[in-house]
Amino acid sequence: MAQSVKGMRDLFGAELRWFQHIEETARRCFERHGYREIRTPILEELEVFKRSVGDSSDIVKKEMYDFEDKGGRHVVMRPENTAGVVRAAIQHKLLTSSDPVLFYYIGPQFRYERMQTGRYRQFWQIGAESFGVASPESDAESLVMLYDFLRELGLAKLTFSLNSVGTPESRPAFQAAFRAFFAARQERFCGDCHRRIEENPLRVLDCKVPTCQAALEGHPLISDFLDEGSLRHHARLKELLSELGVPFTEDPRLVRGLDYYTKTAFEVLSGDIGAQSAILGGGRYDLLVKHLGGPDVPAFGWAIGLDRLAMVLQQVRGEAPQTPPALLIPLGERAATEALKLARDLWKAGVALQLETRGGALKKALASANRLGIQTVLILGDGELDAGTVTVKHMATGEQESWPLSEVSKRLGGLSLD
Ligand code: HAM
């Protein structure tokens, strides 16, 4: 029997209901802040990621699904969405005025990664990117939107982990100190780290090999080499987050595995799914738009791993909130015709209703209603039709009552039928 590709899974049932609930909440929260949706293609040209996420990052080096298409183009199934959003914003000249531009996205991403709990090769992200404002107030606006969104979903035990990775002005001094540190203990690092120290010393910090992690003990911290502007930005952001009651801790070791960050870098950790793991990450990337050929426009953003967020919520809150539809069961052919007409009117009035179309015994239909968790069952037979009513069975109590047909829509929360 055919199986789904390793690391890629089908979404349905309880897990998908969490996805849908998170997505609906996200749209509501983000639109409230003035963010608008953007959808970019899954395939992008290789250069888009090499020039943004970075040539020396693990994502580009090891994890991309890339191939030549039939026209000989080297394309990549996007491993993340920020680069694509920036590419689209430049291509369509969306960043040419001085107005801020606010986008969010929801979609699948692809990384050829080692399998772990909550880690997949096709996974989903919800992200928000804000373009055009360099101020720490812009970081704070985005972070408070994120925090309130997570709170609205019902998460309380979250840790915002915050750092500043500075700007190109602060990098050379840090890199020199880091290279000297590395040189003094180079035999303890793996081959990959020797490559990384040449290409981009910061990426040595991403190495997952335990002996390399041990050798990094006491390494120079980028936060000790920050330029004046980065320091001021960071101090002001911390002040704003304190004022807004967004809880955070400082993590001077946090650098993130993507190359485009400047100044603020952050992650949110959740301890609810075994080992502490990041359910989201992001930061400021003031140089990326220009670097990809666009205008000199600063930016800030983040992306949430939807798979992990859904997993945490399922553990913390159980079933996703949902209102099951009512079920309309006709008895006999005449009622079947009338039930279709009634159901159509109810759907038009906005009522959530499932229609039993199998015919057959009432008992069988009621058993289905039980299995589906349906609370309200409407029964329509010849007797009801003659009386202009419907019999309503409340599944939780077993109680039955009779409603006039003209009242059904209103009583099920829909518009009036007349
Ligand atoms: P990232 O840290 O690479 O950042 O990914 C963000 C989140 O996506 C992670 O925290 C994690 O929850 C989820 N994620 C990543 N890989 C996997 C996987 N294999 N399986 C399940 N979930 C995964 C970015 O992608 C940046 N584009 C974020 C950003 C937006 N920065 C600025 N704007």
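Let's start with one pair of residues: Phe160 has Phe248, in strand β8, as its bridge partner. The model you are looking at is predicted. From that pair we can work outward to the sheet, and then turn to the ligand and the residues around it.

**The sheet**
- Phe160 falls in strand β7, which covers residues 159-164 and runs parallel to β8, with three bridges joining the two.
- These strands belong to an open sheet of eight, ordered β1-β5-β6-β11-β10-β9-β7-β8, and its pairing is mixed.
- At the edges sit β1 (36-37) and β8 (248-250), each of which pairs on one side only.

**A helix across the strands**
- Helix α4, made of residues 82-91, lies across β5 (101-110) and β6.
- Relative to β6, helix α4 runs at about 45°.

**Around the ligand**
- The shell around the ligand has 26 residues, and those that come nearest are Glu80, Thr82, Glu113, Tyr120 and Tyr261.
- By type, the shell divides into twelve nonpolar, seven polar and seven charged residues.
- Strands β6 (122-131), β10 (277-284) and β11 (299-305) each give the shell at least two residues.
- Strand β10 provides the largest share, with five residues.

**Contacts with ligand nitrogen**
- Glu80 places a polar side-chain atom 2.6 Å from a nitrogen atom of the ligand.
- Trp302 has a backbone N or O atom 3.2 Å from a nitrogen atom of the ligand.
- For Gly301, a backbone N or O atom lies 3.5 Å from a nitrogen atom of the ligand.
- The ligand taken alone exposes 660 Å², and the protein buries 96% of that.

Note on methods
Residues numbered from 1 in each chain as written. Predicted model: local features only at pLDDT ≥ 70, side-chain atom pairs only at ≥ 80, totals over all residues. Heavy atoms only, no water. Near = heavy atom within 4 Å. Polar contact = N/O pair within 3.5 Å; in protein donor to acceptor, adjacent residues only side chain to side chain. Areas by Shrake-Rupley, 256 points an atom, 1.4 Å probe, with all protein chains shown as cover. Helix = DSSP H or I, 4+ residues; strand = E, 2+ residues; numbered from the N terminus. Nonpolar A, V, L, I, M, F, W, Y, C, P; charged D, E, K, R; others polar. Pairing = 2+ DSSP bridges. Contact = heavy atoms within 4.5 Å. Axes fitted to C-alpha atoms, helices over the stretch in contact; angles between N-to-C directions.
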